[in-house]
Amino acid sequence: MRATRAGVDLAARTISPLLRRTPTSHSTIETVDGPRDVAFKLEYLQLGGCFKVRGSLWATLHARAEGTLTDAGVLVASGGNAAIGAAWAARIAGVPCTVVIPETAPAVKVGTLRTLGAQVHLVGLRYQDAADAAVEIAATTGALALHAYDLPDIVAGAGTIGLEVAEDIPGPVTTVACVGGGGLLAGLAATLRPGDRLVGAEPLGASCFHQARAAGSPVPVELESIAADSLGATRLGDICWETAAQHPDVDSVLVTDDQLVAARRMLWDSHRILVEHGTAAAVAAVTTGAVRTEPDSTLCIVLCGANTGFDL
């Protein structure tokens, strides 16, 4: 199954009135090639400090409309951000939320979840440990299981960001976004217009998309990156893989942890924007020159999450 523009449009009609319309800001950043004009999609200003609420809210409301949402509410396994998105979606929809996250999740995310009223289970050291436990809990309670990135409604909700970028930037756009399991990338790919380009940026030590492209299909990957708390998927989602295969204008680039840490600091020092290490991978893809554009294309970096401590 792949993401489609029709699916994204359907999601937007329902969730857009209920969420923040995050702005696009034009600025200049320093790169190895000198100053570059860029547009920042300030999605970290979304409810919950991350784009994840978009997909969670659409999945929850869609399930309610179809009669498949029970009194047990929703459940999600996540390294943190998808859980925060689900908790916000549950609050908007007025249903309970249960989250299963690794014991290694940042304290700032765990605290946010509890403040939002979610029932929090800390299980294992990695996302897959939490995901396995979530399957058992969902089977017992009947809660609606919201996959962090590989569910059609989750992907369609994330894709609504692409619709907003297209509204704000009329000409051809090269959009750069970080990749975890690929839900955001797949959703954005479904909204590409003729002449647009999409680049998925990943750390070397958390590169599901890049390794899938090299192998010819999604493969298990080992995680060894400072950004693994948010880009912690150990296998690319099938929806992302099948969607990207339909879009030759979707590319992949890698950055090192040192490069993304430097990009994160630059973003704070120059713009007073504080983002997660995973989000900073998209910035590093530009500052290192890994992503370049044609003269008539606007370079847009999706700053998708800021659930982080002030630990520069």
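**Helix 11, the sheet and the largest pocket**

Right after helix 11 comes Gly289, a residue with a positive phi, near 85°. The model here is a predicted one. Helix 11 itself spans residues 277-287 and is mostly covered, with eleven of its eleven residues buried. Several alanines turn up in that buried set, including Ala280, Ala281, Ala282, Ala284 and Ala285. Val283 and Val286 are buried too, as are His277, Gly278, Thr279 and Thr287.

Helix 11 shows up again at the largest pocket, which has a volume of about 520 Å³. Of the 39 residues lining this pocket, those closest to its centre are Ala228, Asp229, Ser230, Leu231 and Gly232. As for the helices, helix 3 (81-93), helix 7 (183-189) and helix 11 each put at least two residues into the lining. Helix 7 gives the largest share, three residues. Chemically, the lining is a mix: 19 of its residues are nonpolar, 15 are polar and five are charged.

Then there is the sheet. Four strands make up an open sheet with parallel pairing, in the order 5-4-3-6. Strand 5 (119-122) and strand 6 (144-145) sit at the edges with a single partner strand each, so one side of each has no neighbour in the sheet. Strand 6 runs parallel to strand 3 (residues 74-77), and two bridges join them. Within this pairing, Val74 has Leu144 of strand 6 as its bridge partner. In general, strands of a sheet pair through backbone hydrogen bonds, in either a parallel or an antiparallel way.

Note on methods. Residues are numbered from 1 along each chain as its sequence is written. This is a predicted model: local features need pLDDT of at least 70, side-chain atom pairs count only at pLDDT 80 or more; totals for chains, interfaces and linings use all residues. Side-chain values use heavy atoms; hydrogens and water are left out. Two strands pair if DSSP finds at least two bridges between them. Buried means under 20% relative accessible area, exposed over 50%, partly exposed in between (1.4 Å probe, protein chains only). On a 1 Å grid over the protein atoms alone, a cavity is a set of points where a 1.4 Å probe fits but cannot get out, and a pocket is an open set with protein on both sides within 12 Å along at least five of seven lines; lining residues have an atom within 4 Å of a point. Grid points are joined across faces, edges and corners, and a volume is the space filled by probe spheres set on the points. Ala, Val, Leu, Ile, Met, Phe, Trp, Tyr, Cys and Pro count as nonpolar, Asp, Glu, Lys and Arg as charged, and the others, Gly among them, as polar.
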